[in-house]
Amino acid sequence: MTRRRWSLTAAVLLLTLMPVTGCVTVHGERAFVPAVTKAEAAKALDRFTRLNNDAKRSYDPAVLAKAETGALGAMDHATMTARHKNHPEGNPAAVPLTLTDAHYLIPEQRGWPKWFAADALSNASGTSRWLLLFQRSAVGDPWKVSYLSVVPADQMPTFVLDHDGHAEPVPLDDSGLLVEPGRLSAAYTSYLQTGTAATLAFADGPQTSQVRRQRRKDASTSAAVTEYADQPVDAGEFPPVGLRTTDGGAVVFFASRHQSRLTTPGKPLNVDDPETKALMTGTPRNSVTLVRVAEQAVTVPPANDAQGKVVFLSRLQSLVSAKGA
């Protein structure tokens, strides 16, 4: 499902211990420390909201780039670029985003990048809640949102918290999960392409079996042919992130890339969508190739759960490029 909404995160905790005899600084790149304090996390969320509203009014990709990175940044940058091209005056009547009732999932971490999640109620999504994944790569960098998931309130998992209230991060490998977080993008795109090797890992639903059925239906008609290609996203580009849940599984955020090529043999091709046209390179005579980036949040059961399946909590997809030929 192509997303037609966009959203548009201070310092990593440096613990200074000051005994009577002097001062010792615990560095975030070496010590095992919380990624951020709750007060700093709240400031990051406020900054994200402010920049989000500024960008919604101006349609300025440069403002957006101050608030977002990773998969969400790639998706929204393209949307913002298209809207700015079509409406250089911006959107002064944009409804401001508000995020309330925020809770923070802050892991203890060593090294960089560091990240944390915010769970908040958004005025843009009814009773559903937003899970925003903030990250940064150095102590002097601002917090930016790399993943956004919209989760119905009654489907929000319960996360593991230690005695100090810190969330438990999940490693990309050796996680004890049915599918390793570092393999989810490859497993999902393989499933969409073949429906064989990875089929057993994913529960049926709108983002899995229904996608494959719809593709088979749309693949070829008397007037057009549509071809699909799904690609995993390199972990270094849009790295997956996981948080342990109380059922022994985890919520994992990951990204993927999806390409579709529509061809109308011997017939002219009309592109009507204004945002697609704004991103178009080349001339769409008989074919258009669309590239989309998607961000997913899924629940992954433990590997010893014989009946367990990967279940989608949220999936947002957006066009990032279009090429005509």
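**Close-up views of a predicted model**

The accessible surface of the protein comes to about 15,200 Å², with 54% of that area belonging to carbon and sulfur atoms. Keep in mind that this is a predicted model.

**View 1. The whole chain, with its 6 helices and 15 strands.** Before zooming in, here is the overall tally. The protein has 325 residues, and 49% of them count as buried. The secondary structure comes to 6 helices and 15 strands, and the views below pick out a few of these elements.

**View 2. An open sheet of 4 strands, in the order E4-E6-E7-E8.** Pairing in this sheet is antiparallel. Strand E4 (99-105) and strand E8 (144-151) sit at the edges; each has a single partner strand, so one side of each is left without a neighbour in the sheet. Going from one strand to the next, the twist averages 25°. Helix H1 (residues 38-58) packs on the sheet and touches E4, E6, E7 and E8. If you're setting up axes, the direction of H1 makes about 135° with that of E4.

**View 3. Strands E6 and E7, joined by 8 bridges.** Now for one pair within the sheet. Strand E6 covers residues 114-122 and strand E7 covers residues 129-136, and the two run antiparallel. One pairing to look for is Leu 121, whose bridge partner in E7 is Arg 129.

**View 4. Asp 119, a residue of strand E6, in contact with Arg 129.** Asp 119 counts as buried because its relative accessibility is 11%, and the cut-off for buried is under 20%. Its side chain makes a polar contact with the side chain of Arg 129, at 2.6 Å. Arg 129 is thus worth a second look here: the bridge partner of Leu 121 in E7 is this residue too. Leaving out residues up to four places away in sequence, Asp 119 touches Asp 101, Ala 102, His 103, Arg 129, Trp 130, Leu 131 and Met 156.

**View 5. Thr 79, placed in helix H3.** Helix H3 spans residues 70-86. Is Thr 79 buried or exposed? Thr 79 is buried, since its relative accessible area is 5% and anything under 20% counts as buried. The side chain of Thr 79 makes a polar contact with the side chain of Ser 318, at 3.2 Å. For a pair that is separated along the chain, turn to Thr 276: Thr 79 and Thr 276 are 197 residues apart in sequence, yet 9.3 Å apart in space, C-alpha to C-alpha.

Definitions and conventions
Residues are numbered from 1 along each chain as its sequence is written. This is a predicted model: local features need pLDDT of at least 70, side-chain atom pairs count only at pLDDT 80 or more; totals for chains, interfaces and linings use all residues. Side-chain values use heavy atoms; hydrogens and water are left out. Buried means under 20% relative accessible area, exposed over 50%, partly exposed in between (1.4 Å probe, protein chains only). Accessible areas come from the Shrake-Rupley method with a 1.4 Å probe; for residues, only the protein chains shown count as cover. A polar contact is a pair of N or O atoms within 3.5 Å; within protein, one must be able to donate a hydrogen and the other to accept it, and residues adjacent in sequence count only if both atoms are side-chain atoms. Two strands pair if DSSP finds at least two bridges between them. Axes are lines fitted to C-alpha atoms, for helices over the stretch in contact, and angles run from 0 to 180 degrees between N-to-C directions. Contact means heavy atoms within 4.5 Å.
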